[in-house]
Amino acid sequence: MMRQFELVELVKSYDPKADEGALNRAYVYSMKAHGAQLRASGDPYFSHPVEVAGLLAQMKLDTASIITGLLHDTVEDTVATLDDIEKLFGPDIGRLVDGVTKLSRIELQSDHTQQAENFRKLVLAMSEDIRVLLVKLADRLHNMQTLRFIKDPEKRRRIARETMDIYAPLAERIGMHRMKDQLEDLAFAELYPDARASIIARLGFLREKGGDIVSRIIGELSQTLKAGGLAANVSGREKSPYSIWRKMERKNVSFEQLADVMAFRVLVDGIGECYHALGIIHSTYHVVPGRFKDYISTPKPNNYRSVHTGVIGPERQRIEMQIRTRDMHEVAELGVAAHWIFKQQAGSVDGRQYRWLRELLDILEQASNPEEFLEHTKLEMFQDQVFAFTPKGDLIALPRGATPVDFAYAVHSQIGDTCVGAKINGRLLPLRTELANGDQVDIVTSKAQTPSPTWERFVVTGKARARIRRFVRTQQRAQYLDLGRAIVQKAFRQQGQGFSERPLEAVLGQFHCATVEDLYVAVGEGLATGREVTNAAFPLPPEARSKVIPLARARKKGRPNGIAVPIRGLIPGMALHFAGCCHPLPGDRIVGIVTTGKGVTIHTIDCDTLESFAAEPERWLDVAWSSEEADAAHVGRINVTIANEPGNLGSLTTTIGKQGGNISNLKITNRSTDFFEIMVDIQVEDVKQLSTIIAALRATPVINSVERARG
Ligand code: MN
């Protein structure tokens, strides 16, 4: 554990003006407050806030952040109150500690809704002051470093999952790549120990076979640059097991085919030298097409700047290279934290200066509940970026797969709501067109346009999705309201009663509605019948009373997504099938196809079978998974090619089993002297689990290729 004077000295080494007295007071205060408390590791609890403060000091953060690190658990876990903290350390620290405390309070609850609620609070707190997130990330990093001491495996997994899904992407968003890498690798080790072990073993094997190939390549690259007249610092490393794993998840490559497991970095002094270095590299080695990216002329939204390229390097190996200045490097590693180093800026940093954070706040306003918010944002944070331009040349960064509708919403909600078409590079193209890097997009709008529910099938950004859904919701409500009112009026007539809203007001509580309008909507939605409403409003003698179905139960089950069926967007009672061609899984983007008399068949959005319904748009139904469905088992289908050797089929089934997949069907579809082609149906929870299984298979040496069945 870091000692008091060590921490103070570390802070003083980069910030000579730091408030030494306040640091000392915070250290002692935290030590006294935590007293004899112990951590799961058996260490004194106090070691945790000190380590967190140490991590923040390594990032060279300001004194307020470090003090917050020291105090971050006092309000939650000790008798100290926020008032005490504010009195002793001032309102600034009080606010920061409050921000972090609010998050911890609900952190360790497993419930999906609670996690979503937690994320919502985090977004709000960090938009006020981004330092709340920095302290939170350091807190999480230390908790991950000591995760092994937690005995309950369920709890360990939950923390690791949350780290992977929420904290690592957030670290990336504020440009803290070093933090992101550490969080990911620790979470990966907990979640997929077998896969990680096999990747590490393969890397070890390659290292043994190739000798110290990394330093040989570094040597030769340095020579080449020097011969070209450039003083540059070259470093290299194997990629992290997690980034190799991610690549296997995304692309159908086995470990053998995964050539570029090494990454090299060239650091130079100025921007001009970056391009000089690039020129030397490209004229010396063969360039791998499609790998060149210039994030210096077009920085990423998190301010990341670098030139990337891929070449067939010195040892006739594919290698990836990043070229950047030393300043850019500092920002690339530390992200937002680097601001404090260069500027020594004082006071809070309003998170709203970040476009992505403003967008999150925007989505938050549109979403009807935290779960929806989480769904809209979580997936998006993972996606790669595509850069498109407005006619004026402004850059709009979007997730890969984005369409002109996403673009329109990113420019302005109003433009999104009213878009009717798009000119991409001067050509008028449909709104569902996928944008490519560098596209110039001119959105055509019309005042008469309103968001269309069909857009939700192809948009990928949370913002567009949230706006469209909200519009559809208000529209649906208006329809339900009219329908419900008509049903209730009819029920009044049938009972021989003159219509009035007064008797309805008296029974609102019984139907868990706040207003008469809500009651109409409930009736319109089918959550209550007109008969039930009139029975409640005009109670009959007991013998004549028909049974009232308790509405509370129906509502609870149906909420928050409206209807108590696994798929949203369906009419209750409609029969539902999952297509046998594409085997949709929760997490897939899906479409329903209506067949008269047979109900609805659910396909994945990229299923080949959908082509045959292209001419009948009226049969297409806009649907989405509801969260309850995540718990049920679904069947995913994959096609695998393995070498025809003893034991190979065994490793196939073992690997699937280790990832928690249950094989429900297995068929050899093609057999040659060298290879088997096999179709496997696996029971999984969602598409994420299937991707995990697929990646695990690709990491297995005897398996040649694995792909998901697509129609
Ligand atoms: Mn903590």
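## A walk through the model, from Arg 485 to the manganese ion

Start by selecting Arg 485, which is partly exposed at 28% relative accessibility (buried is under 20% relative accessible area, exposed over 50%, partly exposed in between, using a 1.4 Å probe and protein chains only). Before going on: this is a predicted model, where local features need pLDDT of at least 70, side-chain atom pairs count only at pLDDT 80 or more, and totals for chains, interfaces and linings use all residues. Residues are numbered from 1 along each chain as its sequence is written, and side-chain values use heavy atoms, with hydrogens and water left out.

Now add Asp 482, the salt-bridge partner of Arg 485, with the closest N and O atoms 3.8 Å apart (a salt bridge is a side-chain nitrogen of Lys or Arg within 4 Å of a carboxyl oxygen of Asp or Glu). Both sit in helix α22 (residues 462-494), three residues apart, or about one helical turn. Helices (H or I, at least four residues) and strands (E, at least two) are DSSP runs numbered from the N terminus. Asp 482 is partly exposed too, at 47%.

Next, pick Asp 62, Asp 92, Arg 95, Asp 129 and Arg 131: salt bridges with shared partners join them into one network. Zoom in on Asp 92 and Arg 131, whose closest N and O atoms are 3.8 Å apart. Asp 92 is in α7 (residues 91-107) and Arg 131 in α9 (residues 131-145), so this pair ties together parts 39 residues apart in sequence. Which of the two is buried? Arg 131 is, at 0% relative accessible area, while Asp 92 is partly exposed at 29%.

Jump to Asp 269 and Arg 326, a salt bridge with its closest N and O atoms at 2.6 Å. Asp 269 is on the loop between β2 (262-268) and α15 (271-284) and Arg 326 is in α16, so the link spans 57 residues of sequence. Stay on α16 (residues 326-334) and colour its buried residues: Met 328, His 329, Ala 332, Glu 333 and Leu 334. Just after α16 comes Gly 335, with a positive phi near 60°.

Last stop, the manganese ion. What holds it? Show His 48 (NE2), His 72 (NE2), Asp 73 (OD) and Asp 139 (OD), which coordinate it at 2.2 to 2.4 Å (donors are N, O and S atoms within 2.8 Å of the metal, or 3.2 Å for Na, K and Ca; water is not among the atoms, so sites may look incomplete). Along the sequence, the donor spacing reads H-x23-H-D-x65-D. Check the two histidines: His 48 is buried at 1%, and His 72 is buried at 0%.
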